[in-house]
Amino acid sequence: GRRGVPWSLWRRSDITDVLFALHDEADINRAPDYFSYNDFYVIWCLFWELDEDEDTQISEADLLRYNNYSLSPRAVARVVGLAYGARGVAGKGV
């Protein structure tokens with residue numbers, strides 16, 4: 001079946017805060033409650049696969065390529081909008 005986290009569960013967790021905190025953390029192993037090295041490696045590889053221009057940001061265009069263009073432009077725009085709205089960040093990448 002399809003694996004994923006329901007939005008209601010995601011919102012109740014602190015995973016978004018953890019992800020933003022990891023941005024400044026040099027050692028991913030300091031967040032063992034959520035990530036193992038293997039988890040990190042999979043995320044890292046996917047990130048670099050999507051970030052074709054290597055600017056270390058995932059743009060809407062980058063995210064649209066995810067899983068062979070399986071996300072609709074509307075869904076991607078909403079994800080990007082939610083990411084910026086949650087943090088009040090302006091720009092073109094997530």
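**Reading a predicted helical chain**

Trainee: At 34% relative accessibility, how does Leu46 count?
Mentor: This is a predicted model, and the value for Leu46 in it is a relative accessibility of 34%. Buried would need a value under 20% and exposed a value over 50%. Because 34% falls between those two limits, Leu46 counts as partly exposed.

Trainee: Which residues make the nonpolar surface patch of about 210 Å²?
Mentor: A residue needs over 30% relative accessible area to enter a patch, and Leu46, which sits in helix α3 (residues 37-50), has 34%. The patch covers about 210 Å², and the residues that make it are Leu46, Tyr66 and Leu71.

Trainee: What pattern does the protein chain follow along the sequence?
Mentor: The protein chain has six helices and zero strands. Read in sequence order, the elements of the protein chain therefore give the pattern α-α-α-α-α-α.

Trainee: What percentage of the 94 residues of the protein chain count as buried?
Mentor: The surface that the protein chain exposes comes to about 7,700 Å², with 54% of it supplied by carbon and sulfur atoms. Contacts can be considered as well: among those between residues at least 6 apart in sequence, 19% join residues at least 24 apart. As for burial, the share of the 94 residues that count as buried is 19%.

Trainee: In which helix of the protein chain is confidence highest?
Mentor: Over the protein chain the average pLDDT is 78, and 81% of the residues score at least 70. Where pLDDT is low, the predicted coordinates should not be read in detail. Confidence is lowest in helix α6 (residues 73-87), with a mean of 78, whereas the highest mean, 89, belongs to residues 60-64, that is, to helix α4.

Trainee: Is Asp62 buried or exposed?
Mentor: Asp62 has its place in helix α4, and its relative accessibility is 5%. Because the limit for burial is a value under 20%, Asp62 counts as buried.

Trainee: Which backbone nitrogen does the side chain of Asp62 reach?
Mentor: If neighbours within four places in sequence are left aside, Asp62 is in contact with Leu50, Asp51, Glu52, Asp53 and Gln57. The side chain of Asp62 also reaches a backbone nitrogen at 3.1 Å, and that nitrogen belongs to Ser59.

Trainee: With which residue does Arg65 form a salt bridge in which the closest N and O atoms are 2.7 Å apart?
Mentor: Side chains of opposite charge can pair when their charged atoms come close. There are two salt bridges by the rule applied here, and one of them joins the side chains of Arg65 and Glu52 at 3.6 Å, N to O. That pair links distant parts of the chain, 13 residues apart, with Arg65 in the loop between α4 and α5 (66-69) and Glu52 in the loop between α3 and α4. In the bridge at 2.7 Å, the partner of Arg65 is Asp62.

Trainee: Which residues are linked in a network of salt bridges?
Mentor: Arg65 and Asp62 are both buried, whereas Glu52, with a relative accessible area of 57%, is exposed. Arg65 forms a salt bridge with Asp62 and another with Glu52. The network therefore consists of Glu52, Asp62 and Arg65.

Trainee: How far apart in space, C-alpha to C-alpha, are Glu49 and Asp62?
Mentor: Glu49 has its place in helix α3 and, at 58% relative accessibility, counts as exposed, while Asp62 lies in helix α4. Along the sequence Glu49 and Asp62 are 13 residues apart, and the distance between their C-alpha atoms is 9.1 Å.

Trainee: What positive phi does Asn68 have?
Mentor: Most residues other than glycine have a negative phi. In helix α5, Asn67 nevertheless has a positive phi near 50°, and Asn67 is exposed at a relative accessible area of 53%. Asn68 is also placed in helix α5 and is exposed at 70%. Although Asn68 is not a glycine, its phi is positive, at about 60°.

Trainee: What distance separates the C-alpha atoms of Arg78 and Glu60?
Mentor: Arg78 lies in helix α6, and its relative accessibility of 61% makes it count as exposed. Arg78 and Glu60 are 18 residues apart along the chain, and the separation of their C-alpha atoms is 10.0 Å.

Definitions and conventions
Residues are numbered from 1 along each chain as its sequence is written. This is a predicted model: local features need pLDDT of at least 70, side-chain atom pairs count only at pLDDT 80 or more; totals for chains, interfaces and linings use all residues. Side-chain values use heavy atoms; hydrogens and water are left out. Helices (H or I, at least four residues) and strands (E, at least two) are DSSP runs, numbered from the N terminus. Buried means under 20% relative accessible area, exposed over 50%, partly exposed in between (1.4 Å probe, protein chains only). Contact means heavy atoms within 4.5 Å. Accessible areas come from the Shrake-Rupley method with a 1.4 Å probe; for residues, only the protein chains shown count as cover. pLDDT is the predictor's confidence in each residue, from 0 to 100. A polar contact is a pair of N or O atoms within 3.5 Å; within protein, one must be able to donate a hydrogen and the other to accept it, and residues adjacent in sequence count only if both atoms are side-chain atoms. Patches are made of residues with over 30% relative accessible area and no salt bridge: like charges are joined within 9 Å, nonpolar side chains (Val, Leu, Ile, Met, Phe, Trp, Tyr) within 5 Å. A salt bridge is a side-chain nitrogen of Lys or Arg within 4 Å of a carboxyl oxygen of Asp or Glu.
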